[in-house]
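Hi,

Here is the structure I promised to send over. Have a look at it first, then read on for what turned up.

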Amino acid sequence: MQVSHPKTRWADRFLLLDLFEGMKTTFRELFKPKVTVRYPEERLEPADRFRGMFKFSYDRCIACKLCAVACPIDIIYIDVHDEQREVDGKMKKLKVLDRYDIDVKRCMFCALCEEACPTKPKSIWLTTKTYELASYDRNDLYFNMQQLEYWDDRPKYTGLPEEDGTPEIEGQKLIAGGHE
Amino acid sequence: MTQASLMHYLVWPLVKFLVAFIIVQVIVAAMNWVERRLLGLIQARLGPNRVGWHGLLQIIADPIKFLLKEDIVPSSSEKIAYFLGPMLPLIPAFIVFCLIPFGPGPTFISARVNVGLLLVLALTSTGVYGIILGGWASNNKYSLMGGLRSAAQMVSYEVPFGLSIVGVLMICGSLDLVNIVRYQSNNIWNLFPQIVAAFIFFVSMNAENNRTPFDLPEAESELVAGYHTEYSAMKFAFFMLAEYSAMLVNSCLMTILFLGGWTLAYDGKGLTHEVLMGMGTLGGVLGFLIFFTKVMFFMLVYVWFRATFPRFRFDQLMDLGWKWMIPLALGNIFVTGIFVLAGQERLMYWIGLATLGAIVFYLTRKPAKRAVPAGKVVHAS
């Protein structure tokens, strides 16, 4: 493909008007709205399909272990025991969750566990729009059943841990993606 | 030497120079922030805005960082030359400020020399030695390339830089910067009769300071950082300081030579040098403010240029310098000489004004009229 360029006028070339044209463009650019998001003060809302932090619902979970089977790197740890319980006047054998841990620090957020979950609505899902998972201690990223369900109330780190090991914490919610 | 003459010749000039020096350093540090912020705004981002109000404390934060950083000296470098590299451009860049009048009256100039302009030019052009020395002493191919490019560029652009001033000298008939300003306030800004010279002067002063579009000595995309690749911490800051000081010097020169310095007058009417002198302290402050505004305008145009124009290729740079700027400057001297000889300086004003008017008219015309048709696509069959 060939592109034929138009001939510039003599006056254009001699008076260097293209340069002025360029400077006009940059001057206009000076007053245009900026794209920068001032992160800690301003936050972008992630898309609806965004995969963020796990959320777990104990009430919905039927302890089928399908999510643990689906997990490609085996970071979901589930312990279950059977219990005889009375449901609607009949004695039934029920599975009861003892342990539902996710080692989030190793997770690759493939959401195969969410796909494998047979309950409706899902009892484990990742579309929470929370992406601020950074921590000063890698062990903080090992979440147990309660933490997975109630991490909204989890205290947040606000600074480096002190020398004596008592970190500064603030009772703030760990909800991202909102200006409140 | 009597005590009075000691005060007059030694103490006062030193005090004045010190004050000017401090003001200049603050402006130079502030320019760094202004440049980064303006560049950011033009490039659809915000620039430094975290430290202090609108990032204004960046002016202090940058020097602190430079001072605290580790000063790395390459083990294979030539130690003495490496150390001298950043110092050499710094010294003339500072000394020059005692020759530049910042306002009306002797209060604003620490050393009024009757060949002030020549001395300023001689001092500013020594700045390149430090760049060459630093580039060579770093023992780094990129640094050396940067230094050599800087030398070649300086040689090419020093010529039109000097030649463009000749026209102004012929009209004003003086090398004294104060007299040049006084002439302009009693006639008209040299910008109009010397519009070609002003253009050449401005382009060459961009090249002198290694600013975009002539920043080949420090071309990031080709030479890492050019002559200051191996420099860190305060030595690097010294290079920056020298560059911005030189920018300020050249902006001052541009203002004095072509824009009437601290005066705001035409044909002896308005705020001429004499009127400002007659107003006492108020006149001094007013003159300084007028001067400052004009200088700052050129400093901002530097940034504007940097945001707009891409870098020249090296042969294009040489082309522009030798094939366009020098003949144009020589032609300008010739034409100016004819006008001065015929005693028709007035006529040059109108020619200059007409040229400016034509450019403005041409620029503000409806874009549809001179819209360049989009590149026609021809498919090769």
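Below are the cores, one unusual peptide bond and two backbone oddities.

First, keep in mind that this is a predicted model.

Let's start with the inside. The largest nonpolar core has 88 residues. Those touching the most other members are B:Ile100, B:Phe201, B:Leu248, B:Val249, B:Met254, B:Leu257 and B:Phe258. Helix α10 of chain B, residues 233-258, gives this core its largest share, with 16 residues. Try clicking on B:Leu248: if you skip its neighbours within four places in sequence, its contacts are B:Val24, B:Ile27, B:Val28 and B:Met299. There is also a second, separate core of 13 residues, and among them are A:Met53, A:Phe56, A:Cys117 and A:Leu126.

Now for the peptide bond. Between A:Lys120 and A:Pro121 the bond is cis, with omega at about -5 degrees. You'll find A:Pro121 in the loop that runs between α4 (112-116) and β5 (124-125) of chain A.

Last, the backbone angles. A:Lys65 isn't a glycine, yet its phi is positive, about 70 degrees. This lysine, A:Lys65, sits in the chain A loop between β2 (55-56) and α3 (66-70). Is A:Lys65 buried or exposed? A:Lys65 counts as partly exposed, because 16 other C-beta atoms lie within 10 Å, and a buried residue would need 20 or more.

Chain B has a case too: B:Ala44, also a residue other than glycine, has a positive phi near 60 degrees. Look for B:Ala44 in the loop between α1 (3-42) and α2 (58-68) of chain B. With 13 other C-beta atoms within 10 Å, B:Ala44 is partly exposed.

Cheers

Note on methods
Residues numbered from 1 in each chain as written. Chains lettered and ligands numbered in written order. Predicted model: local features only at pLDDT ≥ 70, side-chain atom pairs only at ≥ 80, totals over all residues. Core = buried A, V, L, I, M, F, W, Y, C linked by C-beta atoms within 7 Å. Buried ≥ 20, exposed ≤ 12 C-beta atoms within 10 Å, placed from the backbone. Helix = DSSP H or I, 4+ residues; strand = E, 2+ residues; numbered from the N terminus. Contact = placed C-beta atoms within 7 Å.
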